[in-house]
Amino acid sequence: MQLLPSGVVKIISNIPIIIVLATLIFSTPIAAYSQSFIVSNHHQQFPISQVVSFAKDKSKTTGVKGIEHKGTAKPSKGSHHLSSITPPLLPAGISTTTSGISSNGSNSKVVIINFDDSFKNQVLYAKPILDKYGFKATFFEVCGWIGKSSERKSWQDIAALQQDGMNIESHTMIHPHLNTLSPIELNSEIGGAKQCFLDHGINPTIFAYPYSEGWNNPAVVSTVARYYSLARTDTGFPVTFLHCDGWKTHPQTDCRTYSSDGKLTFANRYSIKSWTHRHIDGPYSSSQEGSVCAGVCHSYDNSQMLQVFIADVNSQLKFNQGGIIRAIPIVIYHNFVTYPDVSFSKDAADTTINLFDQEMKYLHDNGFRVLTMANLGFDTSTNSFYIK
Ligand SMILES: [Zn+2]
């Protein structure tokens with residue numbers, strides 16, 4: 001029981017920032033806010049969800065530098081303040097308030113929900129909400145953590161999830177920093193996890209990199225490729241492009257793993273991009289995933305975080321026109337807490353139960369199709385993803 005939760009302290013100390021934030025949120029038409037518009041940030045471009053932190057260096061948090069995507073507004077040079085937000089460039093006829101139903105009636109709004117790190121509270125708190133809205137999700141489990149403490153799931157939990165149609169995939173044996181491992185250790189963490197799940201009747205075909213590290217390391221990727229069909233990482237950008245062709249600073253025409261010079265490509269079947277749901281924005285310690293922000297950080301409360309979520313899941317709209325899906329948001333959740341408001345939590349990757357319910361309700365009420373990672377296929381003849 002905390003008499004004065006840290007989030008309250010943070011709120012008090014950040015009152016000037018919150019006033020600016022509130023001004024932005026409440027003075028901005030929802031149609032504009034729910035779009036992924038871009039601001040300059042240390043010569044990078046990020047969607048609005050990452051913009052509200054304007055004193056950070058995202059490369060420290062994800063190890064990804066210069067991530068941009070096509071079709072965005074140009075940043076104003078040399079500024080990384082809220083005032084530098086520029087309007088989105090919306091394709092003709094596309095409004096952020098559209099239903100996502102194309103003229104031919106097909107639903108072009110999709111989302112994939114992920115849960116990482118085997119927290120028991122995912123089955124206690126998130127699973128009933130998924131059931132309430134009829135959604136299935138992917139759970140990336142750390143095989144060596146299952147059944148090892150009351151904080152983590154048991155094998156019975158995993159079996160029950162799978163029985164209910166949830167998708168169970170692999171997140172290593174003990175969640176190491178893969179870039180620090182020898183080839184033998186890599187094999188043990190990546191291949192060993194595959195065997196660990198097989199020993200419990202589960203055959204994972206998709207891998208997720210702990211701390212989002214290793215997706216750009218040839219030794220790691222070649223080990224992943226021996227055991228899995230696909231792998232997911234986190235870029236902090238909400239969508240993944242089915243043809244890997246949306247990244248301005250990483251121009252690609254398809255999702256081949258290696259370019260003609262033999263180097264790993266930025267986006268490929270072993271580097272599926274996604275977005276970790278974080279309610280604190282800023283520089284994170286690389287020693288933890290989700291983790292505690294160190295430095296100048298900015299906290300969202302439940303209502304602000306809901307707007308960030310809405311903006312992120314709607315950022316696909318400008319890519320998915322005419323009923324054709326080209327981009328899919330993949331949202332990753334970690335730990336669930338019982339605070340009344342997410343700003344009470346110090347850990348950026350924590351989510352409250354009521355916020356998660358609001359977010360799933362938004363998807364449900366707005367006609368989003370919720371898929372799992374297992375719904376993603378990869379066509380080796382065209383080197384592109386497709387929805388099964
Ligand atoms: Zn993890």
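How many helices and strands does the chain have? The chain has eleven helices and 17 strands. The model is predicted. Buried residues account for 48% of the 388 residues in the chain. Of the contacts between residues at least 6 apart in sequence, 71% join residues at least 24 apart.

In soluble globular proteins, nonpolar side chains tend to be buried together. Here the largest nonpolar core holds 74 residues, and V111, V224 and A231 touch the most other members. Leaving aside neighbours within four places in sequence, V111 is in contact with V313, P329, V331, L363, F368 and V370.

Two of these partners of V111, V313 and L363, also belong to a helix pair: V313 lies on helix 10 and L363 on helix 11, and both take part in the contact between these helices. The axes of helix 10 and helix 11 are 10 Å apart and make an angle of about 35 degrees. Helix 10 passes helix 11 in a right-handed crossing. The two sides of the contact are listed below.

| Helix | Residue range | Contact residues |
|---|---|---|
| Helix 10 | residues 302–314 | N302, M305, L306, F309, I310, V313 |
| Helix 11 | residues 353–365 | N354, L355, Q358, E359, Y362, L363 |

By class, this contact has eight nonpolar, three polar and one charged residues.

Further along the chain, strand 16 (residues 376–379) pairs with strand 17 (residues 384–387) in the antiparallel sense, over four bridges. G377 has Y386 of strand 17 as its bridge partner. The hairpin formed by strand 16 and strand 17 has four residues between the strands, and N383 takes a positive phi near 50 degrees.

How values were computed. Residues are numbered from 1 along each chain as its sequence is written. This is a predicted model: local features need pLDDT of at least 70, side-chain atom pairs count only at pLDDT 80 or more; totals for chains, interfaces and linings use all residues. Axes are lines fitted to C-alpha atoms, for helices over the stretch in contact, and angles run from 0 to 180 degrees between N-to-C directions. Helices (H or I, at least four residues) and strands (E, at least two) are DSSP runs, numbered from the N terminus. A crossing is left-handed if the near helix is turned anticlockwise from the far one by less than a right angle, and right-handed if clockwise. Two residues are in contact if their C-beta atoms, placed from the backbone, lie within 7 Å. Ala, Val, Leu, Ile, Met, Phe, Trp, Tyr, Cys and Pro count as nonpolar, Asp, Glu, Lys and Arg as charged, and the others, Gly among them, as polar. Two strands pair if DSSP finds at least two bridges between them. A nonpolar core is a set of buried Ala, Val, Leu, Ile, Met, Phe, Trp, Tyr and Cys residues joined through C-beta atoms within 7 Å. A residue is buried if 20 or more other C-beta atoms lie within 10 Å of its own, exposed if 12 or fewer, and partly exposed in between; C-beta atoms are placed from the backbone.
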